[in-house]
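Colleague: Please take a single part of this model and go through it closely. Start with how the chain pairs with itself there, then work outwards.

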Amino acid sequence: MSDPKCKTALLAPPAGLRQLHELLCQPRRWHLIVVLAARNDPPYELSPIAKAVTARIHEIPRAQACGKKYENVRVSLDQTHLPRLAEADVIEYNERRKLVTPGRKFDCAVMLVRLSAVAYESLRSTVNVAELS
């Protein structure tokens, strides 16, 4: 027999989790979390982070992540995505020095990204990929 509390929990995720999920639905933020999670020497400078995010988004080698593609990503991270993630305590962002450090909720964001990737891969192997897009 199923627990009614469990059904309620599945229908109504905690507000903090919902907010974090909504933030990470934006691909640049998703890729940013993946890039930051792979590093272990904070604080991180914006330029190399933007270059790594550009390479992931466009599926190109990091050496080719330059020009307009790079500049577009760097500016959007600086002006939009990093401030939004900082407001949510996922990261801390020093706008003046262009430095990023993990915030209080960073580990939760990393876990959500990793769990989502595993769930997607699991679904992809059992469902038509076109249905998930």
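Modeller: Start with one residue pair: Glu45 faces Leu99, which lies in strand 3. A word on the basis: this is a predicted model, in which local features need pLDDT of at least 70 and side-chain atom pairs count only at pLDDT 80 or more, while totals for chains, interfaces and linings use all residues. Numbering runs from 1 along each chain as its sequence is written, and side-chain values use heavy atoms, with hydrogens and water left out.

Now the sheet. Strands (E, at least two residues) and helices (H or I, at least four) are DSSP runs, numbered from the N terminus. Two strands pair if DSSP finds at least two bridges between them. By that test, strand 1 (residues 44-45) pairs with strand 3 (residues 99-102) through two antiparallel bridges. Strand 2 (residues 91-94) also runs antiparallel to strand 3, with four bridges. The result is an open sheet of three strands, in the order 1-3-2, with antiparallel pairing. Strands 1 and 2 are the edges; each has a single partner strand, so one side of each has no neighbour in the sheet.

Follow the register of strand 2. Asn94 has Leu99 of strand 3 as its bridge partner. Tyr93 is opposite Val100 in strand 3. Four residues separate strand 2 from strand 3 in their hairpin, and Lys98 there has a positive phi near 60°.

Go back along the chain from strand 1. Pro43 sits in the loop between helix 3 and strand 1. The peptide bond joining Pro42 and Pro43 is cis, with omega about 0°.

That leads to helix 3. Axes here are lines fitted to C-alpha atoms, for helices over the stretch in contact, and angles run from 0 to 180 degrees between N-to-C directions. The axis of helix 3 (residues 27-37) comes within 10 Å of that of helix 6 (residues 106-126), crossing at roughly 110°. The two helices are therefore roughly perpendicular; that class covers 65 to 115 degrees, with under 35 roughly parallel, over 145 roughly antiparallel and the rest oblique. Contact means heavy atoms within 4.5 Å. On the helix 3 side are Trp30, Ile33, Val34, Leu36 and Ala37; they meet Phe106, Ala109, Val110, Val113, Arg114 and Ser116 of helix 6. By class, this contact has nine nonpolar residues, one polar and one charged. Ala, Val, Leu, Ile, Met, Phe, Trp, Tyr, Cys and Pro count as nonpolar, Asp, Glu, Lys and Arg as charged, and the others, Gly among them, as polar.

Helix 3 also meets helix 5. Their axes come within 10 Å and cross at roughly 85°. Helix 3 contributes Arg28, Arg29 and Leu32, against residues of helix 5 including Asn72, Val73 and Leu77. The split for this contact is five nonpolar, four polar and three charged.

One last detail on the way round. Glu59, in the loop between helix 4 (46-58) and helix 5 (67-87), has a positive phi near 50° without being glycine.
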